[in-house]
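Student: I am new to this structure and would like a close look at a single part of it. Could you take me through the inside of the protein, step by step?

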Amino acid sequence: MHTISVRQPIMRGSLQLERVYPLLSVCFIMIVLSVLSHGTLAQAVHTLPIKGLNGPNGFALDKTGALYVANEPGKQVLRIINDSIVERVLECDSPCGLDFDNDNNLYIINFFSGVVLRKSKNSVDTFATGLDQPADIKWDGKQNFYVSEYEKGTIKKISMKGELSPVISGLKKPFGLTLDNDGNLYVASNATGEIDKIDTDGKLHFFAQIPGAASYIGINKKSGRLYAPCFSCHQIFVIDKNGKMELLTGNDAGYKDGNLVSAQFHGPNSIAISPDGDIYISEFEANRIRKITGIKN
């Protein structure tokens, strides 16, 4: 009896361990699959439930996170709150590029009239005139704006007094602009897909080239990664600080939400990147705004 009483706990213990080990293995596998699944699902493309878009063009995010959209053929600038509520901000002849200054005043490029409007909290006024088919505008965070002149192939600077001065010329249909934290300006060519870098000394350098027409570009200020939608090849590319380019998402022209591998776009155009790293992409002809979530800064 003594022998049995000793062996029984051992046998029970062995049986318990034999039963516990498979359960632990199953739980571990489930946890790993859950983590992997969560990561995959987190990086995804969604379509915002927005109506009333008519050729969504330039983007800008204000300090509250609201997204401003230039409805170029619709001749309106819209404000989108919480990715769903749409408000009309103002009407103008051909809104294109948008940006904010440090005081949260909104600046609106008008492509055909060559006028830059300034929208403050309570009024709208003309900030600058005399531009030749301006496409995009970017605030340097200090005292100047940069503007691309599409057909003329130039980049100009606008002071806070609205005075124009040349920066560089001889570019091929420059369109989208963005600035990094060091003050370097990046310019995307709508003709060649080339993205050039203008350093703080005003010197032009080749940076990268996407395989099709580039429109707007954007940069994640935390990571320094630059994002470039390709309008003609229906893809979005990410480029690191050294100019190394990788495909982020998109394949053939189409419309499909979901994970980055299978998602499809039709003519991705403008781009805005939130402080959290979420990416907004417009589809000009399809009148859609897509949001890419789960991108790490």
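Tutor: Happy to! Let us begin with a term: strands, marked E, are DSSP runs of at least two residues, numbered from the N terminus. Asn269 has its place in one of them, strand E23. Please keep in mind that what you see is a predicted model.

Before looking closer, here is the setting. The protein has 297 residues, and 49% of them count as buried. Its secondary structure amounts to one helix and 25 strands. Among contacts between residues at least 6 apart in sequence, 41% join residues at least 24 apart. On the outside, about 14900 Å² is exposed, with carbon and sulfur atoms supplying 53% of that area.

Now to the inside. In soluble globular proteins, nonpolar side chains tend to be buried together. Here the largest nonpolar core has 31 residues, and Val116, Ile158, Tyr227, Leu248, Ile279 and Ile292 are those with the most contacts inside it. Several strands supply at least two residues each to this core, including E7 (106-110), E9 (124-128), E20 (235-239), E23 (268-273) and E24 (279-283). Strand E10 gives the most, with three residues.

Leu248 is a good place to pause. Leaving aside neighbours within four places in sequence, Leu248 is in contact with Tyr227, Ile236, Phe237, Val238, Leu260, Ile279, Ile292 and Ile295. Another core, of 14 residues, lies apart from the largest one, and among its members are Ala188, Ala208, Leu226 and Cys230.

Cys230 leads us to the disulfide, and the structure holds one. It joins Cys230 to Cys233, with the sulfur atoms 2.3 Å apart. The link is right-handed, with 140 degrees about the S-S bond. Cys230 counts as buried because its relative accessible area is 0%, and Cys233 counts as buried because its relative accessibility is 17%; the cut-off for buried is under 20%. Two further cysteines can be placed in the same way: Cys92 is buried at 10% relative accessibility, and Cys96 is buried with a relative accessible area of 3%.

Let us return to Asn269 in strand E23. Its relative accessibility is 5%, so Asn269 counts as buried. Not counting residues up to four places away in sequence, Asn269 touches Pro56, Asn57, Ser215, Tyr216, Pro229, Phe231, Ile281, Ser282 and Phe284.

Charged residues deserve a look as well. Side chains of opposite charge can pair when their charged atoms come close. A search of the whole structure finds 12 salt bridges. Follow Glu283 and you will find that its side chain meets that of Arg288 in a salt bridge, at 2.8 Å from N to O. Glu283 also meets Arg290 in a salt bridge, at 3.2 Å from N to O. Both Glu283 and Arg288 are buried, and Arg290 is buried too. Together with Asp257, these residues are linked in a network of salt bridges.

For another setting, turn to Glu87. Glu87 forms a salt bridge with Arg79, where the closest N and O atoms are 3.4 Å apart. With a relative accessible area of 36%, Glu87 is partly exposed, whereas Glu283 is buried.

How values were computed. Residues numbered from 1 in each chain as written. Predicted model: local features only at pLDDT ≥ 70, side-chain atom pairs only at ≥ 80, totals over all residues. Heavy atoms only, no water. Core = buried A, V, L, I, M, F, W, Y, C linked by side-chain atoms within 4.5 Å. Buried < 20%, exposed > 50% of the residue type's maximum accessible area, 1.4 Å probe, protein only. Helix = DSSP H or I, 4+ residues; strand = E, 2+ residues; numbered from the N terminus. Contact = heavy atoms within 4.5 Å. Salt bridge = Lys/Arg side-chain N within 4 Å of Asp/Glu carboxyl O. Areas by Shrake-Rupley, 256 points an atom, 1.4 Å probe, with all protein chains shown as cover. Disulfide = S-S within 2.5 Å.
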